[in-house]
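Visitor: Please take me close to one part of this model, starting with how two of its helices lie against each other. Then show me what else can be seen around the chain. Keep it brisk.

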Amino acid sequence: MSSPAIRTRGLTRTFQLKNGPVHAVRGIDLTVDRGEILGFLGPNGAGKTTTLHMLVTLLPPSGGQAEIAGHDLLHDPVGVRRRIGYVAQPGGLDPACAVREELITQGRLHRLPTTAARERAEELATDLGLLDLMDRPTAALSGGQRRRLEIALGMVNRPEVLFLDEPTTGLDPGSRAELWDLVRRIRTEHGTTVFLTTHYLDEADALAAALSALSYGLAMNVATPPEFAAIANTAGMPLMLLSGLLLPMSLAPGWLDGASRVIPFRYTVDAVRQVFQGHYANGTVAVGAAVTLALAALCLLGGARLFNRARA
Ligand SMILES: Nc1ncnc2c1ncn2[C@@H]1O[C@H](COP(=O)(O)OP(=O)(O)OP(=O)(O)O)[C@@H](O)[C@H]1O
């Protein structure tokens with residue numbers, strides 16, 4: 001059986017500042033299967049970008065291990081880099097450079113001979129809907145077109161794993177939907193594993209079969225729907241969610257004890273939605289409310305793990 005696309009164990013990053021350490025990522029255990037889209041969800045400052053930077057070899061971890069496409073992050077970073085594509089947050093394009101030139105230059109950076117780099121540029125442009133824009137300077141592209149080009153640049157080396165950092169931030173709803181289609185096509189047509197960070201639960205919901213939520217530098221993954229249902233059906237939890245108490249560690253120590261048995265977990269957003277819709281039978285809870293509740297649950301569980309670690 002082939003190894004997972006991404007596997008991390010206890011991945012940690014601490015920044016040492018003059019006034020003390022910042023524990024940006026506190027020991028993440030993640031497994032992402034090949035060909036899967038993983039939505040890595042969390043609010044500002046949760047540690048998403050730090051995690052991503054470690055996984056794409058830009059930032060050395062302070063502790064833990066990771067394997068990407070079967071290559072060890074610490075011992076074989078070059079092997080990792082050859083097999084991944086990385087699309088950073090927007091802003092890296094040369095405004096004066098035409099789309100074709102950007103694509104060819106990227107191919108050359110990946111050591112493709114000139115002819116192969118040109119062919120690859122045409123191929124990607126066809127695939128990602130950039131053909132009509134090839135002679136346009138990147139400064140003259142719309143936000144959505146620019147994003148598509150950035151993703152094409154990340155695909156030049158035919159990566160096994162594509163990392164996208166907040167791919168739709170700043171896009172209008174139409175461009176977001178187009179980009180989601182593109183990401184789905186990349187997965188189905190190329191079999192690429194996609195790891196994307198996002199602030200938006202609807203984005204993770206639309207794209208990802210698996211979702212990992214980050215809270216205070218701790219990731220939670222691997223929850224089967226029954227496990228999640230067991231948590232959600234715990235007496236008192238709906239009230240806590242509705243009251244908007246995101247981290248009621250001190251208020252519900254009994255519940256937190258229970259939570260420690262099912263963490264780490266992974267689940268699909270659909271499962272979360274079903275759990276909450278089932279819980280509030282008679283259909284009075286709209287999907288939007290279910291999503292909000294799910295997000296609150298993630299925060300609660302992040303707090304639970306933090307709490308249990310602190311006690312360990
Ligand atoms: N170079 C650094 N030095 C010190 N602290 C840092 C550094 N980079 C990130 N941090 C801190 O680590 C934590 C996680 O930051 P990170 O950028 O990974 O979060 P994020 O989830 O990507 O946030 P956002 O959604 O705002 O991009 C934050 O508290 C941040 O201030």
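Guide: Helices H3 and H5 are roughly parallel to each other. The angle between them is about 20°. Angles under 35 degrees count as roughly parallel, so this pair qualifies. H3 covers residues 99-109, and H5 covers residues 143-154. Their axes are 9 Å apart. H3 passes H5 in a right-handed crossing. Two numbers serve for any such pair: packed helices are described by the angle between their axes and the distance between the axes. Bear in mind that this is a predicted model.

Now leave the pair and look at distance. Take Gln-16 and Gln-106. In sequence they are 90 residues apart. In space they are 34 Å apart, from C-alpha to C-alpha. Gln-16 belongs to strand E1. Is Gln-16 buried or exposed? Count the other C-beta atoms within 10 Å of Gln-16, and you get 8. A count of 12 or fewer means exposed, so Gln-16 is exposed.

Stay with E1 and find its partners. E1 sits in an open sheet of four strands, in the order E2-E1-E4-E5. The pairing in this sheet is antiparallel. E2 and E5 (71-72) are the edge strands, and each pairs on one side only. Follow E1 towards E2 and you find ten bridges. A hairpin of two residues joins E1 to E2. Leu-17 stands opposite Gly-20 in E2. Now follow E1 towards E4, residues 63-68, and you find five bridges. On this side Thr-8 faces Ala-66 of E4. Arg-9 stands opposite Gln-65, also in E4.

E1 and E2 lead on to the ligand. The shell around the ligand has 13 residues. Which come nearest? They are Phe-15, Ala-24, Lys-48, Thr-49 and Thr-50. Three elements give two or more residues to this shell: strand E1 (6-17), strand E2 (20-32) and helix H1 (48-55). H1 gives the most, with three residues. Sort the shell by class and you get five nonpolar, seven polar and one charged residues.

So what surrounds H1? Eight of the eight residues of H1 are buried, so the helix is largely enclosed by the rest of the structure. Among these buried residues are Lys-48, Thr-49 and Thr-50. His-53 and Met-54 are buried in H1 too. Here is a rule for reading any such helix: an α-helix has 3.6 residues a turn, so residues three or four places apart point the same way. After H1 comes Thr-57. The phi of Thr-57 is positive, near 70°.

One more strand is worth a stop. Strand E6 spans residues 84-87. Ile-84 and Tyr-86 point one way from E6, while Gly-85 and Val-87 point the other way. All of these are buried. The pattern fits a general rule. In a regular strand the side chains alternate between the two faces of the sheet. What does E6 pair with? Its partner is strand E7, residues 161-165, in the parallel sense over four bridges. Look for Tyr-86 there: this residue stands opposite Phe-163 in E7.

Conventions
Residues numbered from 1 in each chain as written. Predicted model: local features only at pLDDT ≥ 70, side-chain atom pairs only at ≥ 80, totals over all residues. Near = placed C-beta within 6 Å. Nonpolar A, V, L, I, M, F, W, Y, C, P; charged D, E, K, R; others polar. Pairing = 2+ DSSP bridges. Buried ≥ 20, exposed ≤ 12 C-beta atoms within 10 Å, placed from the backbone. Axes fitted to C-alpha atoms, helices over the stretch in contact; angles between N-to-C directions. Parallel < 35°, antiparallel > 145°, perpendicular 65-115°, else oblique. Left-handed = near helix turned anticlockwise from the far one by under 90°.
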